[in-house]
Amino acid sequence: VNETVVTKDRYEAHRLGPGDSIEIVAFVGGG
Amino acid sequence: MSDAWSIGKQSFTSRLLVGTGKYPDFPTMQRALVASGAEVVTVAVRRLDLTKKGAESLLEWIPKGMRLLPNTAACFNADEAIRTARLGRELEMGDLVKLEVIGDRRTLFPDVEGLVQAARVLVKEGFTVLPYTNDDPVTAKKLEDVGCAAVMPLGAPIGSGLGIRNPYNIRIIMETVKIPVLVDAGVGTASDAALAMELGAVAVLMNTAIAEAKDPVLMAEAMKAGIEAGRKAFLAGRIPMKLHAAASSPMTGLIGT
């Protein structure tokens, strides 16, 4: 969120606010 | 004879590490990964495209039991690489990371200043850092000094297939550091992989040479054989090079003398 990693143990506590930018990532092919 | 090697707490028997990019399709990639005998496969971390509904997941095609090695490919400064490494760890892939900080888009040569900077931070955060670096012994020593678990000098630019362009520097790196040295990038064919192993590399990491071969599965088999042949030759010890001939047959009792 906003270029800061929200770790799994903070999912419950973290609250999104107006204007927050969210990135969801996944693994893709790479070398 | 057991010929296992290790990085940090991880122990491996295969000395071939392979990438998962550039394959024509997932089934071919899966067959090539199996044929390579590799135990470690690299993957990249990217934003999920939510518009691509129903897209296949890479992970479903990676054979079970293979260890994933997230990379920080296409990161052009230390901050990007650090963030990408942290994201990879949050995907529950452990603390192993192939660290790349790229300094030039055309050659994809590393930015070694940013690389050392990122390595220092990630080591402190508990990562097992495997940095992709130049074939430069001075940088290799700096990476060892900040706590990297191995160094991975390039044989040649990523995806170039030029082979081991500076075998002398690779040898000097091996003399300079005590941590494992893996040759990463530049391999074009099986003899390149064999040469890297003959030089004394503990392992070789490659992607394009297999993925973009006409027959990726057959090339994966060739690379596996090349790695094994090179390793055996290294252990066996090659003969010294001589300028002149040394006859193999006796020079006594010659017919006609």
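Leaving aside neighbours within four places in sequence, B:Ser14 is in contact with B:Trp5, B:Gly37, B:Ala38 and B:Glu39, where contact means heavy atoms within 4.5 Å. I should say at once that this is a predicted model, in which local features need pLDDT of at least 70, side-chain atom pairs count only at pLDDT 80 or more, and totals for chains, interfaces and linings use all residues. Residues are numbered from 1 along each chain as its sequence is written, chains are lettered from A and ligands numbered from 1 in the order in which they are written, and side-chain values use heavy atoms, with hydrogens and water left out.

B:Ser14 sits in the loop between strand E2 (10-12) and strand E3 (16-18) of chain B; strands (E, at least two residues) and helices (H or I, at least four) are DSSP runs, numbered from the N terminus. A polar atom of the B:Ser14 side chain lies 3.2 Å from the backbone nitrogen of B:Leu16.

I turn next to B:Asp3, in the segment before strand E1 (5-7) of chain B. The residues that B:Asp3 touches, not counting those up to four places away in sequence, are B:Thr13, B:Arg15, B:Arg231 and B:Leu235. With the side chain of B:Arg231, the side chain of B:Asp3 makes a polar contact at 2.8 Å (a pair of N or O atoms within 3.5 Å; within protein, one must be able to donate a hydrogen and the other to accept it, and residues adjacent in sequence count only if both atoms are side-chain atoms).

Finally, B:Ala74, which is not a glycine, has a positive phi of about 70°. B:Ala74 lies in the loop between strand E5 (67-71) and helix H2 (78-90) of chain B.
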